[in-house]
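Biologist: Hi, I'd like to talk through this model with you. Could you put it up so we can both look?

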2 protein chains.
Amino acid sequence: MAKSPLTQFSRRERQIMDVLFKRGRATAAEIQAGLPDPPGYSAVRALLRVLEDKGAVRHEQDGPRYAYRPTVARESARRSAIHHLLHTFFDDSPEQAVAALLDQSAADLSDADLDRLAALIEKARKAGA
Amino acid sequence: MAKSPLTQFSRRERQIMDVLFKRGRATAAEIQAGLPDPPGYSAVRALLRVLEDKGAVRHEQDGPRYAYRPTVARESARRSAIHHLLHTFFDDSPEQAVAALLDQSAADLSDADLDRLAALIEKARKAGA
DNA sequence: AGCAATATGCTAAATTCTTAGCACCACCGA
DNA sequence: TCGGTGGTGCTAAGAATTTAGCATATTGCT
């Protein structure tokens, strides 16, 4: 298996990627603030340099400082994450996964949300058939 | 926040947990086989001992060898995984997540699957309202 | 019984991750 | 113009992870 853009991350690296995926873009200080049990600022900088080396992250000048972004689009990171979730916990069964997701968050979904989801299912039906 | 049963895992530890969650239960050799870029057998054993120390895993005698299991139920590991996925990639929006999931795997779903999902949505509607 | 094969437990070494510290540059206000 | 503030790059040490090696059981054959 060739090395995917999602190389293996260390713990801290992963935490940083999580922050970046969540925020889309952040400065070193923001990342530091977003990390659980935040390390020193230098540590964050060093990690970012490593991640940039690995090609997982790139920076752009944002006024006086750097702003970092993941290089892989959020989209494709999402896809991988979903794929991994399915594979590890749901025997590659999207149906089970959707069921779990609905079950777990039924309370947070409004009727309108549910309508939209129902519509999506209809759409899937047409596409699949 | 108290230290949850899901302590921070190192890279290898996580890989091992993934294998265990996927299989439910496995011997050291099976785990080794399931690992990406598998290390030596001793390495796997050592890791398992560490994980057992951390309380993430326990073993039971299975004939001449040990069989390992995660201590947290697959259920609750699932929940955490979903939660993390939602938080990192979907702004805590289950609706977006379900949408992505459907979109990504529409092709793999049969009409019957879709029927079941539609039924689940109906159920959620009743529960939520 | 004796031997090969396959477990396990432990430990020490190699590797990798994580961190802090220091040197330097640019901007801003006194 | 001269600090002070807040950014950057680098590097080296400390901590943790990851690994292999070796000693010791236990099982199953012959």
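Biologist: Let's start with the bases. What lies 3.2 Å from a base nitrogen of DNA strand C?
Modeller: That's a polar side-chain atom of A:Ser42. Keep in mind that this is a predicted model.

Biologist: Sure. And which residues have an atom close to a phosphate oxygen of DNA strand C?
Modeller: One is A:Gly40, with a backbone N or O atom 2.9 Å from a phosphate oxygen. Another is B:Arg45, where a polar side-chain atom lies 2.8 Å from a phosphate oxygen.

Biologist: Which elements give two or more residues to that surface near DNA strand C?
Modeller: From chain A, helix H1 (11-23) and helix H3 (41-54); from chain B, helix H3 (41-54) and strand S3 (65-70). H3(A) gives the most, with four residues.

Biologist: Nice. Which residues come nearest to the strand?
Modeller: Of the 14 residues around DNA strand C, those are A:Ser10, A:Gly40, B:Tyr41, B:Arg45 and B:Arg49. On the DNA side, sugar and phosphate make up 58% of the strand C atoms that come within 4 Å of the protein.

Biologist: How do the residues of that surface divide by type?
Modeller: Six are nonpolar, three polar and five charged.

Biologist: Switching topic: how can chain A be laid on chain B?
Modeller: By a turn of 179° and a shift of 0.0 Å along the axis, with an RMSD of 0.1 Å. That's the relation of a two-fold axis.

Biologist: And why do you say the copies meet through the same surface?
Modeller: Because 98% of the interface residues of chain A are interface residues in chain B too.

Key. Residues are numbered from 1 along each chain as its sequence is written. Chains are lettered from A and ligands numbered from 1 in the order in which they are written. This is a predicted model: local features need pLDDT of at least 70, side-chain atom pairs count only at pLDDT 80 or more; totals for chains, interfaces and linings use all residues. Side-chain values use heavy atoms; hydrogens and water are left out. A residue is near a molecule or strand if one of its heavy atoms lies within 4 Å of it. A polar contact is a pair of N or O atoms within 3.5 Å; within protein, one must be able to donate a hydrogen and the other to accept it, and residues adjacent in sequence count only if both atoms are side-chain atoms. Ala, Val, Leu, Ile, Met, Phe, Trp, Tyr, Cys and Pro count as nonpolar, Asp, Glu, Lys and Arg as charged, and the others, Gly among them, as polar. Copies are superposed by least squares on the C-alpha atoms of residues with pLDDT of at least 70 in both. Contact means heavy atoms within 4.5 Å.
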